[in-house]
Every structure is written in C-alpha cells, then in structure tokens.
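Dear colleague,

Please find below the sequence and structure that I am handing over to you. I should be grateful if you would read the notes that follow them.

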Amino acid sequence: MNKFKLYFLAFCTLLGLFSCGKAEDDIEYEQLRYYGPQYATDLALIEQFLQTHYIEQIVNNPGAPDDQDIKISPIPEGDTTKEPVWDSPLLHSKEVYYNLLNYKVYYLSLRDGVGESPTRADGVLAAYEGAYLSLDGADPISTPFEYIPLPNAFFALPSTIVGWQEIFPLFRNGTVVPGEGSNPAVYTDFGAGVMFLPSALAYYNVKQTTSDSAVTIPAYSPLMFSFKLYDVRRLDQDGDGILSINEDLDGDGTYTDDDTDADGTPNYQDTDDDGDGYLTKDECKFVKRQGDSPTGVILYTTYYQFNGAAVDDPATEHFDETWGVPSCSGDKTTPTRLRKYLDNSCH
C-alpha cells in the first residue's frame, strides 16, 4: 500500500473516533504506524491478558445497579486453581474487517438480553467501564479511565468507536419498569458483556486525557469495556421518516452500501433516496382532503410507517395505521413491494 493510501485510511479512522462520555478533552496524535504490525502487537497483549487473568466475580443481583458487575483479576503466580478468562465458556470472538485487515475481537457474553438488538445505526443506553491494557514489565495490566454506572443519555452508535458498533449489536436490551416520582427506572434481563478491542477499533494513534486530567489513555492502546445494554433506540439518521434500520435494504447490517440512486450518499443519510427530486418524507405522506378532491381543503396530514403499525387507531378516520409505505400501484401490505420513495418512476 502506498503512503497516500495509508494516510488517507488513517484520516478516515480518526473521523470515526469517539471518546465515550468525554466532551472537550485534550487530544494528541502520535506518529502513524502500519496497521498490520500494530494489530499483531495488540492481539498478543489482549491474548496474554486473557490467559493471565480470571473472572473473580459476576454479580447476579436483579433490579439493582450492580447487577452483572464483573471483576477480572490477575491469576496469582503459581495458582493453578483459577480458570483463565481464555478458557472461560463465556469468551467468544468475532472477525471484523476494517482498514483492509481482519481483526479478531474477543468478548465475554455474561448475558444476551431479552429484547431487541441495536444495529450499527441505532442508539444505545448503556452503563460501562473502560480500561486500557498495557504491560507492567512483562505482565499485562488494565488501567481504568472511565466509569459510567448510571447512564443518562443514549449514545448514537455511528458516533462511537468502531468496536462499539461491532459488539453492541451482538447483545439485546432488557426490560424496564419506569420510575415514579423520585424512584429511578429499574432495568432487568439486559444484555451484559466485556469487549476487548485492538487499538485500530478504538483510538489508534490518538492519545487522550480525561477531562479531569486524572488518566491519560496512551496512543495505540487496546481497550477493555465492560458494559450493560439497558435500552435501544431506533434512529432516523437523515430525518426522512424511514428508520435507519429499514434503510439497510440487503439486511447485511452495513448501511454504507445501500444507495438506491447511486448518488454517493447511502440511503440512511439521503433525504431523497430514489433521486427523483421529491423528498422521501414527502413520498411517505398521507394527505386527507375534504371531499377527496385534489384541490380540496386539507383536513389532516399524517405519514405512513415503513411496515405499518401493529393495530389501527379507530380514531383516525380514513387512515389505517397498519398500512405501510405504498408502492406506486398503491400496494400497502405486500412485504416485497417496491415502496414508492425507492421508485423514481413515481412520487
């Protein structure tokens, strides 16, 4: 690979960097390294950590803030009674293709969850603790840098580091009992795990200092995040009325390769998906006019949902909420229909 391509890829990587929970922190860049050798170094450190540490505790305390808290500790020298994380049945891995390389990402699945899984384009409400991995002499260690036990906002996954976008969709959210008065909401049965990320799927050559200057995350640090996926929010990235989850037309979990009008802007970021000059949102609009005349007084305007609602609202006269976005022929129910906002022959 020539140097131009290398630096271009690095620039693209930096555009996607996200510091979980940090706002205006100091950022410093170090000399760029080749991805292949750095990945080999990161993977060796991660695997050494997994082989020399054990799961000391997993808290099972349904409904409490510490439910599914995990403590991972170093195995004392000479102790053969502790099972390394490396041998735990909870440990899994996923191959992630990024920056022209296949990265092996290890993760612990403490609990899958019972609700919905987020896509790469959705929002997540997640508690988490982050730490970076390094060597203390010959021994791998973890240094905490951020702890968010009580999240108060959703993170849009497209704005987070790549590792989050890859691992969170493997889990599902739980159930919630809304709080009343001063009582907090109670989350149960949520997905929980730990991810171990090579530096290219995190901050790579960017050194970061936390806002209180308490911890500096060195450049090229593999990261470890323990997390709890409390809730999922379906997002509409381009505000066109079609949820981003429904803009993944081929269902491969990747949103950047779905571009109906081939204009270079993927559908989930395109307000006119078929390029016919009419906004997608307007092509999903239902207008009720007095006397059903094209020039009659508008009585109300509403919008079709992608597949329609589960039940009709009887209070909405002349409009059935179970209708999905129609095709050019007016078909509102056939699952395989070509919806008219994707058909430039009509609007």
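The notes below cover the nonpolar cores and two buried residues.

This is a predicted model, in which local features need pLDDT of at least 70 and side-chain atom pairs count only at pLDDT 80 or more, while totals for chains, interfaces and linings use all residues. Residues are numbered from 1 along each chain as its sequence is written, and side-chain values use heavy atoms, with hydrogens and water left out.

A nonpolar core is a set of buried Ala, Val, Leu, Ile, Met, Phe, Trp, Tyr and Cys residues joined through side-chain atoms within 4.5 Å; buried means under 20% relative accessible area (1.4 Å probe, protein chains only). The largest such core holds 59 residues, and W164, F168, F196 and F225 have the most contacts inside it. Elements that each supply at least two of its residues include α2 (35-52), β6 (123-136) and β14 (223-233). Helices (H or I, at least four residues) and strands (E, at least two) are DSSP runs, numbered from the N terminus. Strand β6 gives the most to this core, namely eight residues. Another core lies apart from it, with nine residues, among them C284 and F306.

Leaving aside neighbours within four places in sequence, F168 is in contact (heavy atoms within 4.5 Å) with residues including P118, V124 and L229.

F171 sits in the loop between α3 (162-167) and β9 (175-177) and is buried, at a relative accessible area of 1%.

K288 belongs to strand β15 (residues 285-289). K288 is also buried, with a relative accessible area of 7%.

Yours sincerely

How values were computed. Buried < 20%, exposed > 50% of the residue type's maximum accessible area, 1.4 Å probe, protein only.
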